[in-house]
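This report sets out what can be read from the coordinates of a single chain, with attention to how far the model may be trusted. Please keep the sequence and the structure in view while reading.

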Amino acid sequence: MGTMAEVWVKKETLKKMIETLDKKGEQGISLTISIADEMNKFQQNVDLFVKQSKEQQEAKTPRFYVANGGVFWSNSSPLVITKQMREEAKNGTYTKPVQQKVDSSDDLPF
């Protein structure tokens with residue numbers, strides 16, 4: 001099964017992300033892609049947002065949305081998305097990334 005989707009990211013959002021990464025001294029960012037079963041009124045069903053830690057999810061911290069878009073091709077009808085394991089996890093060699101404590105006292109968006 002294969003699926004292709006596209007998202008559109010505003011220039012202002014990209015600038016904000018780069019500024020935040022620079023302030024935090026980080027080299028990159030982990031993003032989460034969410035694909036919904038139904039399209040919204042704009043014919044979109046894909047959301048892209050900054051990955052949250054378990055603590056942020058439990059505290060119901062608002063997500064920092066990066067972009068939205070839609071699936072434009074899939075070789076299955078109806079669209080069926082299945083969870084796939086990383087190759088490392090299949091081999092038993094996957095190690096969780098180290099999570100850093102989040103300082104919520106700053107005004108950075110994520």
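## Surface and overall layout

How much area does the chain expose, and what share of it do carbon and sulfur atoms supply? In this predicted model, the exposed area comes to about 9200 Å², and carbon and sulfur atoms supply 50% of it. Buried residues make up 20% of the 110 residues in the chain.

The secondary structure consists of three helices and four strands, which follow one another along the sequence in the pattern β-α-β-β-α-β-α. Among the contacts with a separation of 6 or more, 58% join residues that are 24 or more positions apart.

## Confidence

The average pLDDT of the chain is 82, and 74% of the residues score at least 70. Over residues 96–102, however, pLDDT stays under 50, and for this stretch the model has four contacts beyond four places in sequence. Where pLDDT is low, the predicted coordinates should not be read in detail.

## The largest nonpolar core

In soluble globular proteins, nonpolar side chains tend to be buried together. Here the largest nonpolar core has seven residues, namely M17, L48, V50, F64, V66, A67 and F110; strands β3 (46–50) and β4 each supply at least two residues of this core. One member, F110, is in contact with M17, T20, K24, I29, V50 and F64, when its neighbours within four places in sequence are left aside.

Another member, A67, lies in strand β4 and counts as buried because its relative accessibility is 9%, under the 20% limit. Leaving aside neighbours within four places in sequence, A67 is in contact with V7, W8, V9, V46, D47 and L48. The C-alpha atoms of A67 and T13 are separated by 8.4 Å, although these residues are 54 residues apart along the chain.

## V46 in strand β3

One of the contacts of A67 is V46, which is found in strand β3. Its relative accessibility of 3% is under 20%, so V46 counts as buried. Beyond its neighbours within four places in sequence, V46 is in contact with A5, V7, I33, S34, I35, A67, N68, G69, G70 and V71. For one of these contacts, N68, the C-alpha to C-alpha distance from V46 is 5.4 Å, with the two residues 22 residues apart in sequence.

## A nonpolar patch at the surface

Which residues make the nonpolar surface patch of about 330 Å²? The patch is made by M4, F72 and W73. Of these, W73 has its place in strand β4 (residues 65–74), and it counts as partly exposed because its relative accessibility of 42% falls between the 20% and 50% limits.

## Positive phi in two loops

Most residues other than glycine have a negative phi. Q43, which is not a glycine, nevertheless has a positive phi of about 60°; this residue is found in the loop between β2 (31–35) and β3. Its relative accessibility is 55%, over the 50% limit, and Q43 therefore counts as exposed.

K60 also has a positive phi, near 55°, and is a residue other than glycine. The place of K60 is in the loop between α2 (54–58) and β4, and K60 counts as exposed because its relative accessible area of 71% is over 50%.

Definitions and conventions. Residues are numbered from 1 along each chain as its sequence is written. This is a predicted model: local features need pLDDT of at least 70, side-chain atom pairs count only at pLDDT 80 or more; totals for chains, interfaces and linings use all residues. Side-chain values use heavy atoms; hydrogens and water are left out. Patches are made of residues with over 30% relative accessible area and no salt bridge: like charges are joined within 9 Å, nonpolar side chains (Val, Leu, Ile, Met, Phe, Trp, Tyr) within 5 Å. Accessible areas come from the Shrake-Rupley method with a 1.4 Å probe; for residues, only the protein chains shown count as cover. A salt bridge is a side-chain nitrogen of Lys or Arg within 4 Å of a carboxyl oxygen of Asp or Glu. Buried means under 20% relative accessible area, exposed over 50%, partly exposed in between (1.4 Å probe, protein chains only). A nonpolar core is a set of buried Ala, Val, Leu, Ile, Met, Phe, Trp, Tyr and Cys residues joined through side-chain atoms within 4.5 Å. Contact means heavy atoms within 4.5 Å. pLDDT is the predictor's confidence in each residue, from 0 to 100.
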